[in-house]
2 protein chains.
Amino acid sequence: MTARRAAIVGGGVIGGGWAARFLLMGWDVRIFDPDPEAARKIGEVLANARRSLPGLSDVALPPEGALTFHETMSEAVEGAEWIQESVPERLELKRKVYQTLQEHCDADAIIGSSTSGFKPSELQGCATRPGQIVVTHPFNPVYLLPLVELVTTDKNAGETVARAKDILTGIGMHPLHLRAEIDAHIADRFLEAVWREALWLIKDGIATTEEIDDAIRYGFGLRWAQMGLFETYRIAGGEAGMRHFIEQFGPCLSWPWTKLMDVPELTDALIDQIADQSDAQSGQFSIRELERTRDNNLVTILRGLKAQDWGAGKLLNAQDRRVAGVPTLPDDISQPIVTVERAVPLDWTDYNGHMNEARYLQVFGDATDRMMILVGCDADYISTGGSYFTAETHIRHLDEVHAGAVIRVETQVLLGEGKKMHLFHRMFEGDRELATGEHMLIHVSLETRRASEPAPHLAETLDRVAAAHVALPRPEGAGKAVGVKG
Amino acid sequence: MTARRAAIVGGGVIGGGWAARFLLMGWDVRIFDPDPEAARKIGEVLANARRSLPGLSDVALPPEGALTFHETMSEAVEGAEWIQESVPERLELKRKVYQTLQEHCDADAIIGSSTSGFKPSELQGCATRPGQIVVTHPFNPVYLLPLVELVTTDKNAGETVARAKDILTGIGMHPLHLRAEIDAHIADRFLEAVWREALWLIKDGIATTEEIDDAIRYGFGLRWAQMGLFETYRIAGGEAGMRHFIEQFGPCLSWPWTKLMDVPELTDALIDQIADQSDAQSGQFSIRELERTRDNNLVTILRGLKAQDWGAGKLLNAQDRRVAGVPTLPDDISQPIVTVERAVPLDWTDYNGHMNEARYLQVFGDATDRMMILVGCDADYISTGGSYFTAETHIRHLDEVHAGAVIRVETQVLLGEGKKMHLFHRMFEGDRELATGEHMLIHVSLETRRASEPAPHLAETLDRVAAAHVALPRPEGAGKAVGVKG
């Protein structure tokens with residue numbers, strides 16, 4: 001199967017982020033950027049993305065596509081389904097780029113612009129085929145933040161818009177389709193409103209850049225990582241809801257409106273003040289260090305939201321399901337069954353620099369969950385009141401593993417009889433064995449919280465796998481106590 | 001020792017949040033609120049706080065203080081060190097409250113106002129002792145968000161301000177002391193700027209409340225939970241830093257400034273539109289459900305940031321250290337040593353409704369880390385290139401435990417000899433035994449990643465504990481393999 005093909009016109013931080021999204025989701029990516037430093041810059045973004053994105057997923061991503069750099073725009077866009085334009089924010093330049101693009105690209109390719117300011121009607125202006133140009137405005141870091149503002153006009157066919165959404169969703173993004181075009185779309189209008197206020201606060205000596213950042217990240221920033229403005233205010237309104245909130249706080253909110261509408265002038269003195277304060281706040285870290293810190297934090301927050309299946313985490317779980325499909329028992333069950341295949345996330349390492357011991361059990365727990373699903377103990381079954389609880393676990397740590405490594409667990413059923421399910425998991429990176437986990441599970445009634453017989457269809461399937469696995473050699477380390485040589 | 005005493009004047013969601021912070025940090029809390037529903041309302045906030053705050057901490061909090069309700073303000077403020085006023089936002093009402101308060105409260109008590117709009121000079125206006133009144137503006141949910149804006153005037157003595165900071169820090173908050181007073185302080189100015197933009201977007205039919213929330217929580221909300229506006233833009237500016245960012249984006253940011261300064265009128269039609277959209281977005285959840293979801297998410301995000309020791313997580317780690325002090329080996333080492341004492345956090349449970357199996361190993365891992373620190377293998381030692389790696393683990397799950405339960409681990413050293421450290425952890429809730437963990441650790445060189453001898457001072461201390469523990473009975477379950485009866 002030939003990989004799908006995307007072209008990136010204009011590299012840099014944003015173009016590089018787009019390249020990373022497509023590449024890591026298995027697309028071939030062709031880059032055009034006249035900057036002689038383009039390959040280095042995109043390489044740096046890609047390194048950041050490879051470090052953080054695969055482990056954000058709880059399933060293995062498809063093999064990376066091929067990355068190529070091209071001398072001309074015409075060569076770069078050849079055969080591309082998607083062309084992402086991220087050149088500087090000058091309307092004439094963008095229009096010129098589209099002119100060249102449209103002479104060489106497929107007529108049904110989608111041209112997405114990363115513009116943060118222009119409306120699609122402005123971009124489509126004098127184009128040969130305005131219908132293939134849309135705004136797809138992403139947020140830095142593009143490889144981690146799911147939001148992309150999709151802005152279209154009536155020149156874009158419904159089919160084009162649907163295909164754009166489909167492709168963006170496919171690379172793990174959330175296309176937010178604006179109901180109408182507007183200057184600066186949605187999110188940047190908020191950012192600019194906040195920026196305007198921040199400039200006043202600094203200019204008037206109320207707070208420094210660091211204090212403003214603290215006011216955000218210790219307060220409403222935490223709210224906004226999971227609920228937005230309106231859902232937060234809905235809660236503040238209490239049982240009476242949104243209407244009550246507006247009635248209660250509406251007048252109060254309006255007081256400063258009349259006072260805060262001025263715009264501070266961006267003088268050299270104010271720029272110096274901001275730059276100096278920012279140095280004092282963050283100057284001890286290089287930009288590379290800040291990027292890594294930011295990505296560690298984002299992965300941690302996003303993975304936390306995945307565990308809650310909420311907000312951006314809910315999007316990521318849906319993406320995992322799209323990538324991995326529905327788990328089914330393989331036709332050939334004569335060999336141990338692959339129950340986990342994933343990258344080690346950034347936030348699973350500890351002060352010793354390797355995957356923390358508790359994460360081994362987390363992975364083995366995931367392997368057990370998968371095995372349960374494969375034999376029929378899935379969410380539907382659990383909702384009827386039966387489940388398996390782990391009674392006992394024996395882990396042997398054979399070798400270290402680091403963030404980013406792709407790990408795999410193979411599971412052998414040692415015993416599946418009555419209430420008991422006795423599993424032996426082996427964890428690998430490639431051929432290198434990292435750990436074994438021996439687990440005794442007991443089927444329980446979730447009502448009495450005591451041991452109970454599993455449902456017949458479950459017992460039957462487990463029995464079938466156990467019977468197939470009984471012929472396998474007993475794994476090394478099985479049945480051993482701590483400190484006893486295997 | 002008598003508990004410290006705080007008075008809460010004006011209950012509701014904000015007053016209740018303050019009450020929870022003080023109570024859960026061991027203060028006695030006396031409440032005055034003429035609302036006949038006050039006890040119920042504060043009880044609901046307290047229930048939310050008890051569910052989420054103790055497990056946010058990685059150490060056991062002090063015993064809860066006593067909560068009492070009082071008929072009069074004079075009785076409520078008696079002997080209080082801190083008085084928090086959260087009455088409705090009407091200046092005359094607040095001034096009247098201070099008048100009554102000051103007739104009865106201690107002259108050196110601090111009166112903090114939760115006002116989101118008034119400047120402290122306005123509140124101090126005609127007070128008998130203006131010097132004891134400050135603004136301490138918190139953010140909902142007060143029991144989880146660390147930010148509190150502290151705004152003072154030159155009427156407040158330096159000692160008062162220092163004491164206010166100290167008390168606020170002591171209850172786990174981050175006092176952000178404004179350099180000058182200003183209408184609406186800092187954070188609410190940002191919120192109002194965003195609110196203003198949001199009203200336009202809805203009024204003009206660009207986006208619904210849900211789409212606006214998505215634009216926030218899938219994009220910059222994730223950035224702002226961990227870095228603020230300026231640190232984020234510093235990264236966007238790349239190696240050239242903040243100055244470059246402003247030069248590059250300054251002019252571009254200014255475009256919409258001139259366009260977006262209008263204020264939409266809050267007509268009934270616009271209020272209806274917002275309320276209806278909010279119902280469509282969140283109406284399937286009750287406010288109580290939304291509160292629990294929000295708190296689950298916040299605990300998850302905050303705990304993630306703790307693991308990264310960054311932003312609000314760094315504050316929480318500092319708070320844990322303040323609460324728990326420096327770990328030291330007890331004088332009497334003849335008994336198993338308490339190595340963990342903490343509440344089970346909200347985000348540690350799984351689809352079976354109890355603490356997930358991997359969290360047992362996480363807790364035992366924390367117990368091991370503590371034992372390592374107690375015998376001298378602390379961060380300083382590890383930085384010299386030696387550490388312990390876990391080679392093998394045997395966990396027996398004896399009973400379930402749920403979020404909020406206070407658990408304790410007692411650790412017995414089975415062997416401390418040469419490179420080996422053989423530990424046996426027992427986990428309890430009260431007297432109920434939940435699990436045992438038997439662990440074999442090997443001292444390693446972090447350079448070669450191979451077994452190595454520990455430093456003499458470490459070996460000596462471990463030896464001393466092992467010698468004291470050798471007289472203890474061998475714990476049930478030690479040395480057993482999976483599936484073998486203890």
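1. In this predicted model, strand E5 of chain B, residues 110–113, is a convenient place to begin, since its side chains can be sorted by direction: Ile110(B) and Gly112(B) point one way from the strand, Ile111(B) and Ser113(B) point the other way, and all of them are buried. Strand E4 of chain B, residues 82–85, pairs with E5(B) in the parallel sense over 4 bridges, and within that pairing Glu85(B) stands opposite Ser113(B). Between E4(B) and E5(B) the chain passes through helix H4 of chain B, residues 91–104, and the β-α-β crossover made in this way is right-handed.

2. E5(B) also pairs with strand E6 of chain B, residues 133–138, to which it is joined by 3 bridges, and these two strands run parallel. Ser113(B) comes up again here, as it stands opposite Val135(B) in E6(B); the residue that faces Glu85(B) of E4(B) is thereby also placed against a residue of E6(B).

3. A separate local point in chain B concerns Ser74(B), which is found in helix H3, residues 73–76. Ser74(B) has a relative accessible area of 27% and is therefore partly exposed. Ser74(B) and Ser86(B) are 12 residues apart along the chain, and their C-alpha atoms are separated by 16 Å.

4. How are the two chains related to each other? Chain A can be laid on chain B with an RMSD of 0.1 Å by a turn of 180 degrees, with a shift of 0.0 Å along the axis. The two copies are thus related as by a two-fold rotation axis. The same surface serves both copies, in that 99% of the contact residues of chain A recur in chain B.

5. How many residues does the contact take from each chain? There are 146 from chain A and 145 from chain B. The area buried between chain A and chain B is about 14,600 Å², and carbon and sulfur atoms give 67% of that area. Across this interface the rule finds 10 salt bridges; as an example of a pair between the chains, the side chains of Glu400(A) and Arg449(B) meet in a salt bridge at 2.4 Å, N to O.

6. Another salt bridge is formed by the side chains of Arg234(B) and Asp279(A), at 3.2 Å from N to O. Arg234(B) lies in helix H9 of chain B, residues 229–236, whereas Asp279(A) lies in helix H11 of chain A, residues 268–282, so the pair joins two chains. The partners can also be described by their accessibility: Arg234(B), at 7% relative accessibility, counts as buried, while Asp279(A), at 42%, counts as partly exposed.

7. Over all chains the count comes to 56 salt bridges, and two pairs within chain B may be set side by side. Lys94(B) forms a salt bridge with Glu89(B), the closest N and O atoms being 3.1 Å apart; Lys94(B) is buried, with a relative accessible area of 0%, and Glu89(B) is partly exposed at 24%. The side chains of Glu433(B) and Arg426(B) meet in a salt bridge at 2.9 Å, N to O; here Glu433(B) counts as partly exposed at 23% relative accessibility, and Arg426(B) is likewise partly exposed, with a relative accessible area of 32%.

8. In chain A, salt bridges also occur as a network, which links Asp58(A), Arg303(A), Lys306(A), Asp320(A), Arg342(A) and Asp347(A).

9. Why can helix H9 of chain A, residues 229–236, be described as largely enclosed by the rest of the structure? The reason is that 7 of its 8 residues are buried, namely Leu229(A), Phe230(A), Glu231(A), Thr232(A), Tyr233(A), Arg234(A) and Ile235(A). Just after H9(A), Gly238(A) takes a positive phi of about 70 degrees.

10. For chain A as a whole, the secondary structure comes to 16 helices and 14 strands, and the C-alpha trace spans about 75 × 55 × 45 Å along its principal axes. Of the 486 residues of this chain, 59% count as buried. Among contacts in chain A between residues at least 6 apart in sequence, 71% join residues at least 24 apart.

Methods
Residues are numbered from 1 along each chain as its sequence is written. Chains are lettered from A and ligands numbered from 1 in the order in which they are written. This is a predicted model: local features need pLDDT of at least 70, side-chain atom pairs count only at pLDDT 80 or more; totals for chains, interfaces and linings use all residues. Side-chain values use heavy atoms; hydrogens and water are left out. Copies are superposed by least squares on the C-alpha atoms of residues with pLDDT of at least 70 in both. Contact means heavy atoms within 4.5 Å. Buried means under 20% relative accessible area, exposed over 50%, partly exposed in between (1.4 Å probe, protein chains only). Two strands pair if DSSP finds at least two bridges between them. A crossover is right-handed if, with the strands pointing away from the viewer, the path from the first strand over the helix to the second runs clockwise. A salt bridge is a side-chain nitrogen of Lys or Arg within 4 Å of a carboxyl oxygen of Asp or Glu. Buried area is the accessible area (1.4 Å probe) that two parts lose on being put together, summed over both.
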